[in-house]
Amino acid sequence: MPMTAPAPLSQLDVAADLLTLLRDSTTEPRPDSQLEALTLAVAADLPVLLWGEPGIGKTAALTQLAAALDLPLTTVIASVHEPSDFSGLPVVGDDPATQGVPMAPPDWAVRLVRAGRGLLFLDELSTAPPAVQAALLRLVLERRIGALRLPPGVRIVAAANPRSSAADGWELSPPLANRFVHLQWTHDHETVVRGLGGTWPRATLPQLDPRKLPEAVDFARRAVCGLLAARPTLVHRLPTNETGRGGPWPSPRSWDMTLSLIAFATAAGSARDVLSSLVRGTVGDGPGLELLASLDRLDLPDPEDVLADPAGAVLPERGDLRQAVLDGVVAAVRARPDRARWDSAWAVLVRALETGAPDLVVVPATTLASLRQQDWDVPAAIERLAGTVALSRRADRAAVASKARR
Amino acid sequence: MSTNTPEEGGRLDRDKLFAARLHAARARPYLATALFALHTVESKQVPTMAVDRHWRCYVSPAFVDRMPVEELAGVWVHEVSHLLRDHHGRGDRVARERGLTGVGDRLRMNIAADCEINDDVYGDGLVAPEGAVRPWRLRLPEGQLMEEYLSGISFGPLTLDLSWLDCGSGADGLERAWDLGSDGADGLSEQERDAVRFRVAQGIKAHPGDTPQGWRRWAEDAFHPPQPWRDLLGAALRSAVSGSGAGDDYSYGRPSRRSAGVPGTVLPSLRRRPPRVCVIIDTSGSVSDGELGSALLEVAAISHAVGGRRDLVNVLSCDAAAGVVSPLCRAEGIPLVGGGGTDLRTGFEKALRSRPRPDVVVALTDGQTPWPSARPSCRTVIGLFPRPGRSRARRENNPEYVPDSPPAWARVVEIG
């Protein structure tokens with residue numbers, strides 16, 4: 001007769017309870033500009049390469065991204081695969097001489113193609129042997145696995161460790177680096193501490209606004225063409241020094257990618273910081289910053305509009321931008337001088353003086369005064385600018401005093 | 001516009017403050033963008049003038065009153081220099097790396113940052129404000145960086161009168177009571193800060209003649225901080241030895257062990273072939289033993305990390321004639337003979353003729369040599385010891401002598 005004793009609570013069950021408690025965490029909405037940048041690049045269907053130290057949360061971010069885009073996530077750890085897993089396994093048939101040797105794709109690729117959509121995450125790209133990397137790059141860039149072609153609904157993201165920490169130091173050759181959007185993945189100390197305490201951030205992901213699409217494309221084209229028309233040398237510039245190798249650099253291909261990214265960021269109404277990391281990750285720091293600077297200038301009010309309505313003009317708060325607008329107004333008057341425009345420019349300067357720092361007005365006022373023609377009377381507004389003359393003289397005296405004290 | 005006197009409730013004399021900024025912008029036109037981008041905030045809590053990392057400039061009305069305009073201009077340039085040189089970011093990094101947590105440490109950072117700025121921003125039309133910290137006052141050398149000054153600064157009689165020093169969170173990264181924080185109005189976003197720094201750097205690069213050495217160096221490095229040569233040499237060497245034909249790779253020479261599980265398929269298998277590295281050392285007398293030793297050790301360590309063995313690293317000393325190829329495991333006794341003129345071409349020839357052939361040739365040299373005219377048959381990394389003074393001396397002695405620059409087919413890493 002079997003003995004019936006109360007079944008002891010199995011250790012594994014207790015462990016399972018503990019695990020449930022540990023996993024019990026909540027989320028809170030928090031803006032996350034790196035995740036937003038990643039989402040936009042993936043939405044724009046550009047190959048993204050995440051650079052980040054191991055264990056920094058790249059996989060967690062991808063899980064969140066897949067959930068947000070409603071795509072099934074397939075993770076492939078590149079370093080544990082063989083090249084044939086990506087280029088296709090050669091299967092010898094009955095009559096190779098006439099039928100050829102088909103390259104059979106692996107099961108996950110077949111499933112992806114059958115589903116027609118999904119997010120493919122190629123992790124640990126940099127620790128895979130060179131032959132595997134070569135096969136993977138064909139997958140990333142041509143979207144081919146053996147005989148299969150990935151459907152357009154599949155988006156690909158790769159991750160790599162930075163050069164300094166990669167054990168066997170793979171690095172991108174310049175042609176390959178040029179095809180990726182490079183995003184640096186870093187951890188935010190506060191987020192990690194709060195997350196381990198039980199509250200992980202839930203990023204609010206960008207939403208493309210269907211009404212903004214034509215305007216976004218127009219803006220992106222104006223931004224990129226405006227810069228490249230003025231700076232032809234920025235169109236193509238191969239990295240020459242050792243420091244710039246393996247990173248983003250400008251070429252017609254990467255400028256084309258930049259154009260899409262600007263359009264996507266504009267349609268989603270993203271902040272400049274997000275656009276900044278995308279653009280600098282595509283064409284590199286220098287050209288990227290030049291583009292962003294020219295975007296800032298695109299945002300400034302048109303000098304002609306300011307001249308047409310000095311009273312209603314909104315001058316930027318930031319001093320350097322404000323001075324750029326005032327210089328632009330004076331330059332517009334110089335280009336097409338007439339009495340009404342000259343008077344109008346004085347009104348603009350008075351307005352600038354009343355709403356901001358006086359030293360910004362000195363140089364434009366001096367230039368504008370020099371544009372006066374003989375039959376033009378001095379406008380009454382100039383009286384109110386007398387203070388700037390005093391300011392300028394005071395600065396002159398300080399210059400003399402500085403020389404004397406040397 | 002009315003001029004405020006301190007009697008009227010101690011209001012800020014804006015005219016004086018902005019006249020000083022105008023003078024500063026005229027004296028340092030390349031900093032004008034940055035000076036104008038600063039957003040001024042009147043604050044009675046600030047002892048003097050201080051900046052935060054969002055490019056706000058907090059100004060004490062009493063301080064403006066007691067400073068002459070020409071000294072105030074110097075303060076403007078000083079404060080904006082903290083921001084341009086990213087002292088708050090660098091301060092945070094140093095604090096993390098060296099485990100500095102105290103308020104006193106942040107004050108030392110502020111003093112060190114002031115030393116970095118003050119040794120080259122004044123003069124040439126700009127007066128140093130009363131009591132500005134100069135490196136010589138702390139018995140420190142001029143021309144160093146904040147990080148270097150920091151280790152030389154300790155509290156004592158020399159720094160007794162500096163405890164009032166406070167340039168704000170923009171100078172050392174520590175939040176102050178008066179800071180408006182990241183949510184406050186009119187701060188610059190990270191992207192805007194980068195854009196301003198970039199424009200200033202571009203302006204300096206466009207007119208390098210008008211700017212002092214310290215600012216030119218800053219402009220060169222502002223967006224491409226120099227990387228440690230060990231990392232660069234390591235990356236170059238690793239990518240050379242892990243390229244096809246060396247190290248681990250797949251080969252169809254023998255079938256994969258997985259083949260048994262997938263009948264009918266032919267799979268490659270992973271085969272290991274440790275990379276062979278040959279180091280050519282320029283012993284022409286111009287490279288010091290210390291430099292050579294550290295570079296050589298680095299090469300050995302890297303090649304070990306990628307799976308090479310010490311006995312697969314060969315060393316060849318070379319001046320005008322090549323020495324003998326000897327394995328590194330006997331490197332302690334390698335005679336680094338030479339001292340004459342350099343011709344690395346013989347070294348390359350000898351290295352490539354050695355059997356078994358190297359996968360990678362690393363040349364450690366100061367570059368004062370003719371180079372092989374054609375690309376060698378294996379990957380090449382050149383570790384270059386910079387020698388600006390020496391090359392000039394040589395050219396003066398022998399005007400016809402023009403050293404060739406390292407060829408385009410090699411990966412060149414500047415060492416030191």
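Colleague: What covers the buried residues of α13(B)?

Modeller: This is a predicted model, in which local features need pLDDT of at least 70, side-chain atom pairs count only at pLDDT 80 or more, and totals for chains, interfaces and linings use all residues. Residues are numbered from 1 along each chain as its sequence is written, chains are lettered from A and ligands numbered from 1 in the order in which they are written, and side-chain values use heavy atoms, with hydrogens and water left out. Helices (H or I, at least four residues) and strands (E, at least two) are DSSP runs, numbered from the N terminus. The cover includes, from chain B, β6 (277-282), β7 (313-318), β9 (360-365) and β10 (379-384).

Colleague: Which residues of α13 in chain B are buried, and why do they lie on the same side?

Modeller: Buried means under 20% relative accessible area (exposed is over 50%, partly exposed in between; 1.4 Å probe, protein chains only). Within α13 (residues 344-353), this applies to B:L344, B:G347, B:F348, B:A351 and B:L352. They share a side of α13(B) because they cover an arc, taken from the directions from the helix axis to the C-beta atoms, of only 125° around the axis.

Colleague: Is chain A spread out or compact, by its radius of gyration?

Modeller: Chain A holds 18 helices and eleven strands. The globule rule (2.2 Å times the number of residues to the power 0.38, with the radius taken over C-alpha atoms) gives 22 Å for 406 residues, and the radius of gyration is well over this at 30 Å, so chain A is more spread out than a compact globule.

Colleague: What share of the residues in chain A is buried?

Modeller: The C-alpha trace of chain A spans about 115 × 70 × 55 Å along its principal axes. Of the 406 residues in chain A, the buried share is 46%.

Definitions and conventions: Contact = heavy atoms within 4.5 Å.
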